[in-house]
Every structure is written in C-alpha cells, then in structure tokens.
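Trainee: Could we go through this structure together? I would like to learn how the terms are backed up.

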Amino acid sequence: MIYINNRDVLDQTLNFALEEYALKYLDINETYLMFYRMAPTVIVGRNQNTAEEINRDYIRANKVTVTRRLSGGGAVYNDPGNLSFSFIAKDDGDSFNNYRKFTEPVIRALHYMGVEARLEGRNDLTLDGKKISGNAQFVTQGRIFSHGTLLFDVNLDHVSKALHPDAAKYESKGIKSVRSRVTNIREHLTKDMTIQQFRETLLHYIFEGQEKIPEYQITDEDWTNIVDIANKRYRNWDWVYGKSPEFNVQKAKRFPGGRIDLRMNVKKSVVEKMTIYGDFFGAGDVTDIEKLLVGTKYDRKAIEEKLNGVDVHKYFGRISEEELLSVLI
C-alpha cells in the first residue's frame with residue numbers, strides 16, 4: 001500500500017479530483033491510501049437532487065462549498081474538523097459493497113485509541129449508537145475506491161443548518177438523505193489529540209508501524225491534470241447541480257405586500273415550466289416573468305441576472321426583488 005499525501009489541501013474539489021486521478025491513472029496493481037480534510041463543504045451523493053438537500057440561504061451566507069461526489073449515498077456537511085479516508089484499489093470482484101474490508105483497518109486503529117467503533121448497518125461506523133462515519137464506494141475500469149468520513153471535531157450545529165432545505169416542497173426521484181444522530185470522535189478519546197495527531201496515529205497504525213511509509217510523490221504534471229479534473233467535474237455547475245434528476249418545486253411565502261405561491265418544474269437544474277400565484281397587487285401580467293425565467297438555470301445568480309432591469313413592483317406591487325428571489329430560489 002502507498003500513501004498519497006495531499007499536503008492537507010482544504011479544497012474538496014481538488015481532493016476529489018486527486019482521488020479520481022489516482023483511481024484512473026495510477027498503477028492499477030497498487031493500493032493507495034488518502035486522507036483529506038476540507039473547508040466547510042456540502043457533498044451530495046451521485047444520484048441526489050442537490051436543491052433538495054441543501055439550505056441555499058445558509059450556504060450562500062456562510063460561503064459553504066457545494067460539490068457532488070462520484071459515489072452514491074446521502075448528502076454530508078464537512079469542515080476542517082472532519083478527516084476523510086479513501087482506499088483506492090484493484091477491484092477483485094469481492095470489494096464493491098464490502099465495507100467491512102475497507103473499514104476494518106480504521107476500526108482497529110480507533111480501538112487502539114480507545115474508541116469502540118463498530119460497523120453498523122450497511123456502511124456506517126457508530127459509537128454508542130451514534131454515527132461517526134459514513135462510507136461510499138465507486139467502481140470503474142477494474143478499480144474501486146472506498147471512502148468514508150471520520151467526524152473528529154466537526155461543528156455539529158452547522159451540519160443541520162447546511163443540510164436543512166427551506167420550506168419548499170420538492171418532488172423528485174433523487175435519493176433522499178437519511179439523517180442520523182452523530183457524535184464527534186474527539187469526545188471519546190482516552191487521550192486528547194489534535195486532528196493532525198489523529199491522522200498520524202491512523203496512518204502509522206494502518207501501515208502497521210512501518211518506520212518509512214511508502215509515499216506517492218505528486219508531480220507538477222499530476223497537479224495540472226488534477227486541477228483539470230476539478231474544473232471539468234467537481235467545480236462544474238452542470239455536474240454539481242445540472243446532474244440532479246427532474247423535480248418539481250412548490251414554494252409559498254407571505255410578505256407585507258402579499259403572498260406569492262410558486263409552482264415550478266426543473267429538469268437538469270434548468271427551469272422548464274413556472275406558474276406564479278398570489279394575492280399581491282401588481283399592474284403587470286406575471287406571465288411575463290414566468291416566460292422570462294423559463295430556460296434559466298435554477299441558480300440564484302442566473303435568476304438575478306434575468307431579473308436585472310425588471311420593474312418588480314410593476315408585477316408584484318409592494319413585494320421587493322429580494323423577497324421575490326427568496327421564493328424563486
């Protein structure tokens with residue numbers, strides 16, 4: 001096994017790109033281990049509807065990154081207090097959905113640190129009935145990665161806030177996240193340590209105390225290719241939002257100037273159909289707004305640009321543009 005040292009890069013789009021690069025382009029006969037932390041980030045599963053999983057207002061206000069991973073499963077919020085691990089290996093035909101195979105070294109290391117973790121259900125690590133790790137896998141071209149979170153010292157208040165959508169009603173075929181009770185590993189250690197010390201302890205335990213851990217040296221050429229993957233996939237709106245399945249939105253809000261009731265059909269995260277109802281007083285015909293926004297990305301910036309120059313009061317009376325936007329997106 002060879003360790004890939006990402007130098008503690010906190011940009012998760014780069015970490016996912018590095019993981020994908022290792023999966024597809026490094027020696028097929030080798031097994032690799034990665035650890036990565038990240039700046040505040042929401043990660044949605046491959047088959048999820050992004051809009052259905054996130055609190056857009058909270059994410060925008062707190063500058064939380066949103067990206068989508070290659071593997072399935074539910075949405076997660078992570079910050080620098082989370083340490084994720086990834087095993088990248090040859091698919092021997094007995095690896096996909098075999099989470100015990102890849103989590104067992106981590107579980108043993110946690111036990112060594114006094115944390116009695118166990119694999120529970122299909123793909124979670126738990127401690128006293130609370131989740132400390134979720135795991136997912138992806139297979140391609142005879143290779144597999146199995147990656148998981150380790151909630152070491154995550155701000156748990158932000159987890160619920162970032163992953164709690166607003167009051168809109170979404171109807172889609174996307175895979176819904178299942179919320180679990182969670183706890184931080186740090187609270188359960190027999191001896192306190194920093195997350196950096198935690199990573200080093202895991203690393204040396206998994207490599208069974210090897211004095212010199214074999215390490216893959218990431219070259220400048222590697223980084224050029226990794227950045228290219230990040231730009232084409234993990235930073236790409238079409239991947240993060242556009243890959244979401246077709247869905248319907250029903251959203252209503254009451255303001256001093258009246259109530260707006262919105263119904264919308266969204267396909268590949270582009271508005272395909274929109275109908276606006278309400279008891280607001282406006283002189284203009286709101287079908288003008290509906291027609292204007294059809295074909296627009298279901299994205300605040302894109303909708304703001306479409307509304308630029310529109311006299312919102314003409315159509316919605318005493319309702320402001322900001323209030324209108326809070327219903328539209």
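**Strands and a pocket**

Mentor: Happily! Keep in mind that this is a predicted model. Let's start at the hairpin of β9 and β10, where two residues lie between the strands and Gln141 takes a positive phi near 50°.

Trainee: How do you know that β9 and β10 pair?

Mentor: Pairing needs at least two bridges. Strand β9 (residues 130–140) and β10 are joined by six bridges and run antiparallel, so they count as a pair. Thr140, for instance, stands opposite Arg143 in β10.

Trainee: Which strand, besides β9, is joined to β10 by six bridges?

Mentor: Strand β6 (residues 84–90), which runs antiparallel to β10. There, Lys90 stands opposite Arg143.

Trainee: What makes β10 largely enclosed by the rest of the structure?

Mentor: A residue is buried when its relative accessible area is under 20%. Six of the six residues of β10 (residues 143–148) are buried, so the strand is largely enclosed. Both faces are covered, with Arg143, Phe145 and His147 buried on one side and Ile144, Ser146 and Gly148 on the other.

Trainee: Why are β13 and β14 called a pair?

Mentor: Nine bridges join β13 (residues 247–255) to β14 (residues 258–267), and at least two are needed, so they pair. A hairpin links them through two residues, and Val249 stands opposite Met264.

Trainee: Which element gives the most to the lining of the second largest pocket?

Mentor: That is α3, with three residues. The pocket holds about 270 Å³ of space, and its lining has five nonpolar, no polar and five charged residues.

Key: Residues numbered from 1 in each chain as written. Predicted model: local features only at pLDDT ≥ 70, side-chain atom pairs only at ≥ 80, totals over all residues. Heavy atoms only, no water. 1 Å grid on protein atoms, 1.4 Å probe; cavity = no way out; pocket = protein on both sides within 12 Å on 5 of 7 lines; lining within 4 Å. Points joined across faces, edges and corners; volume = space filled by probe spheres on them. Helix = DSSP H or I, 4+ residues; strand = E, 2+ residues; numbered from the N terminus. Nonpolar A, V, L, I, M, F, W, Y, C, P; charged D, E, K, R; others polar. Buried < 20%, exposed > 50% of the residue type's maximum accessible area, 1.4 Å probe, protein only.
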